[in-house]
Amino acid sequence: MAKILIVDDAAFMRISIKNMLTKNGYEVVGEAENGAIGVELYKELQPDIVTMDITMPEMSGLDALKEITKIDPQSKVVMVSAMGQEAMVREAIVSGAKGFIVKPFKEEGIIAAIKKLG
């Protein structure tokens, strides 16, 4: 199963995503509370997939996505975003995101998005 890095500034979201993924057999190798830490952990842990919140302090998910894509053009990053951020969704896809999950999401939605990436 894929090794996953979760990047979200809300601890309850990281816990929620981690519980959904581990229950479905995925290994969560790391968690970060902002994009800057997410980029550092990506380099260190080399996860198969990253779930990335968009709106975070210090470094946004979009900026972190761009940094990760520079480090690894083959990276698999799934953006996690609140409803109504269509412009950000488009920018994320253009910047290299491989998928999108809209909050609030159900377990089936996040697992389907992760399965698509392998």
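Biologist: Which residues of helix H3 (residues 61-71) are buried?

Modeller: This is a predicted model, and what follows should be read in that light. A residue counts as buried when its relative accessible area is under 20%. In helix H3, that applies to Gly61, Leu62, Ala64, Leu65 and Ile68. Viewed down the axis of H3, these buried residues lie within an arc of 160°, so they line one face of the helix.

Biologist: What do the buried residues of H3 pack against?

Modeller: Their partners are two helices, H2 (35-45) and H4 (86-94), and two strands, S3 (49-53) and S4 (77-82).

Biologist: How should the directions of H3 and H4 be read, and at what angle do their axes cross?

Modeller: One compares the directions of the two axes, and angles under 35 degrees count as roughly parallel. The axes of H3 and H4 come within 10 Å and cross at roughly 5°. H3 and H4 are therefore roughly parallel to each other. On the H3 side the contact is made by Leu62, Leu65 and Lys66, and on the H4 side by Met88, Glu91 and Ala92. Sorted by class, this contact has four nonpolar residues, no polar ones and two charged ones.

Biologist: At what angle do the axes of helix H1 (residues 11-23) and helix H5 (residues 107-117) cross?

Modeller: Angles of 65 to 115 degrees count as roughly perpendicular. The axes of H1 and H5 come within 10 Å, and their crossing angle is roughly 65°. That value makes H1 roughly perpendicular to H5. The crossing of H1 past H5 is right-handed.

Biologist: Which residues of H1 and H5 meet?

Modeller: H1 contributes Ile17, Met20, Leu21 and Lys23, while H5 contributes Glu107, Ile110, Ile111 and Ile114. By class, the contact of H1 with H5 has six nonpolar residues, no polar ones and two charged ones.

Biologist: Which residues of H5 are buried, and which exposed residues does the face turned away from them carry?

Modeller: The approach is the one used for H3: list the buried residues, then ask where they lie around the axis. In H5 the buried residues are Ile110, Ile111, Ala113, Ile114 and Leu117. They cover an arc of only 160° around the axis, which puts them on the same side of H5. The face turned away from that buried side carries the exposed residues Glu108, Lys115 and Lys116. The cover over the buried residues of H5 includes strand S1 (3-7), H1, S3, S4 and strand S5 (99-103). Just after H5, Gly118 takes a positive phi of about 105°.

Biologist: How may a single residue be read, and is Thr51 buried or exposed?

Modeller: One may ask for its element, its accessibility and its contacts, in that order. Thr51 is placed in strand S3. Its relative accessibility is 1%, so Thr51 counts as buried. Leaving aside neighbours within four places in sequence, Thr51 is in contact with Ile4, Leu5, Ile6, Val7, Ile17, Val78, Val80 and Ile114.

Biologist: Where is Met13 found, and which residues does Met13 touch?

Modeller: Met13 is found in helix H1. At 10% relative accessibility, Met13 counts as buried because the cut-off is under 20%. Not counting residues up to four places away in sequence, Met13 touches Asp8, Lys103 and Phe105. The C-alpha atoms of Met13 and Asp53 are separated by 9.4 Å, and these two residues are 40 residues apart along the chain.

Methods:
Residues numbered from 1 in each chain as written. Predicted model: local features only at pLDDT ≥ 70, side-chain atom pairs only at ≥ 80, totals over all residues. Heavy atoms only, no water. Buried < 20%, exposed > 50% of the residue type's maximum accessible area, 1.4 Å probe, protein only. Helix = DSSP H or I, 4+ residues; strand = E, 2+ residues; numbered from the N terminus. Arc of directions from axis to C-beta. Contact = heavy atoms within 4.5 Å. Axes fitted to C-alpha atoms, helices over the stretch in contact; angles between N-to-C directions. Parallel < 35°, antiparallel > 145°, perpendicular 65-115°, else oblique. Left-handed = near helix turned anticlockwise from the far one by under 90°. Nonpolar A, V, L, I, M, F, W, Y, C, P; charged D, E, K, R; others polar.
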